[in-house]
Amino acid sequence: MTNYTLQLDKLTKIFGRRLVFKDIDFTFSEGNVYGITGSNGSGKSTLSKIVIGINSPTRGKVYHKLAGKDISPNDLHNHVGFVSPYLVLYDEFSAEENLKHFAKIRGIMFDQNFTDGLFSDFKLLDRKNDLLKGYSSGMKQRMKYIFALQHNPELLILDEPTSNLDNQGKDTVYNIINREKKNKLILVTSNEDSDLALCDEVLNVENYKK
Ligand SMILES: Nc1ncnc2c1ncn2[C@@H]1O[C@H](COP(=O)(O)OP(=O)(O)O)[C@@H](O)[C@H]1O
Ligand SMILES: [Mg+2]
């Protein structure tokens, strides 16, 4: 346990004249899985992007703390892994080349043993040198998890993790969540009952509209 906490303080986002959410006060702590729910367009992805700092709030603050100490925005990428439909990997590179390339860009270590372990977990070890353009959609989805976990982050954010997955793919994701939650803080945005059933607590964005 590394005692990671994520705290939202009166977090508010407005796009133009559209209020997405207002005054979210919430504390998330390690060892738990949290759901972020709400209908399509309610602001789940916007909230997750603000949490990881690729979007900024209109008002309010996000605090990431490790063992009680604030993590600076410049250092956040070392602590966060993100799986989302928007994440795009390079089709013309192999799976392993993608990991090496993004590790360089993100300034994180590429750890051969650790990533081979992940390739094995996600049943892609014998395919790690194949170009991604030859991957099926399910294989690409699994690859996104390896990408998000390669630096063993304390905070894992999964935006709609099981959309487009068959039952076997969903089970793989659920197994990973159950395994990783022991030493991570996990946020899952979803409307799927089976995803939310895994969560210890659920935040509904619809409750922060006025
Ligand atoms: N960059 C943006 N500029 C303007 N409006 C946006 C932008 N991103 C999202 N929105 C709007 O914010 C609302 C929430 O979107 P989103 O967070 O993607 O919802 P969800 O993930 O719950 O489906 C929607 O009304 C969407 O159109
Ligand atoms: Mg979304």
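## Exercises on a predicted model

At 0% relative accessibility, Thr189 counts as buried. The model is predicted. Three exercises follow.

**Exercise 1.** Place Thr189 in its strand and find which residues it is in contact with.

*Solution.*
- Start with the element: Thr189 belongs to strand E8, residues 185-189.
- Apply the cut-off: buried means under 20% relative accessible area. Thr189 has 0%, so it is buried.
- Set aside neighbours within four places in sequence. Thr189 then contacts Ile36, Lys44, Ser48, Leu158, Asp159, Glu160 and Pro161.
- Look at the side chains: those of Thr189 and Asp159 are joined by a polar contact of 2.4 Å.

**Exercise 2.** Decide whether helix H1 is largely enclosed or not, and say which of its residues are buried.

*Solution.*
- Count first: H1 spans residues 44-51, and 7 of its 8 residues are buried, so the rest of the structure largely encloses the helix.
- Then list them: Lys44, Ser45, Thr46, Leu47, Ser48, Ile50 and Val51.
- Step past the end: just after H1, Gly53 has a positive phi of about 85°.

**Exercise 3.** Describe how H2 and H3 pack: angle, axis distance, handedness and contact residues.

*Solution.*
- Take the geometry: H2 (residues 95-106) meets H3 (residues 112-121) at about 135°, with the axes 12 Å apart.
- Classify the angle: H2 and H3 are therefore oblique to each other.
- Assign the hand: their crossing is right-handed.
- Name the contact: H2 supplies Ala95, Glu96, Leu99 and Lys100, while H3 supplies Gln112, Thr115, Asp116 and Phe119.
- Sort these residues: 3 are nonpolar, 2 polar and 3 charged.

Methods. Residues numbered from 1 in each chain as written. Chains lettered and ligands numbered in written order. Predicted model: local features only at pLDDT ≥ 70, side-chain atom pairs only at ≥ 80, totals over all residues. Heavy atoms only, no water. Axes fitted to C-alpha atoms, helices over the stretch in contact; angles between N-to-C directions. Helix = DSSP H or I, 4+ residues; strand = E, 2+ residues; numbered from the N terminus. Parallel < 35°, antiparallel > 145°, perpendicular 65-115°, else oblique. Left-handed = near helix turned anticlockwise from the far one by under 90°. Contact = heavy atoms within 4.5 Å. Nonpolar A, V, L, I, M, F, W, Y, C, P; charged D, E, K, R; others polar. Buried < 20%, exposed > 50% of the residue type's maximum accessible area, 1.4 Å probe, protein only. Polar contact = N/O pair within 3.5 Å; in protein donor to acceptor, adjacent residues only side chain to side chain.
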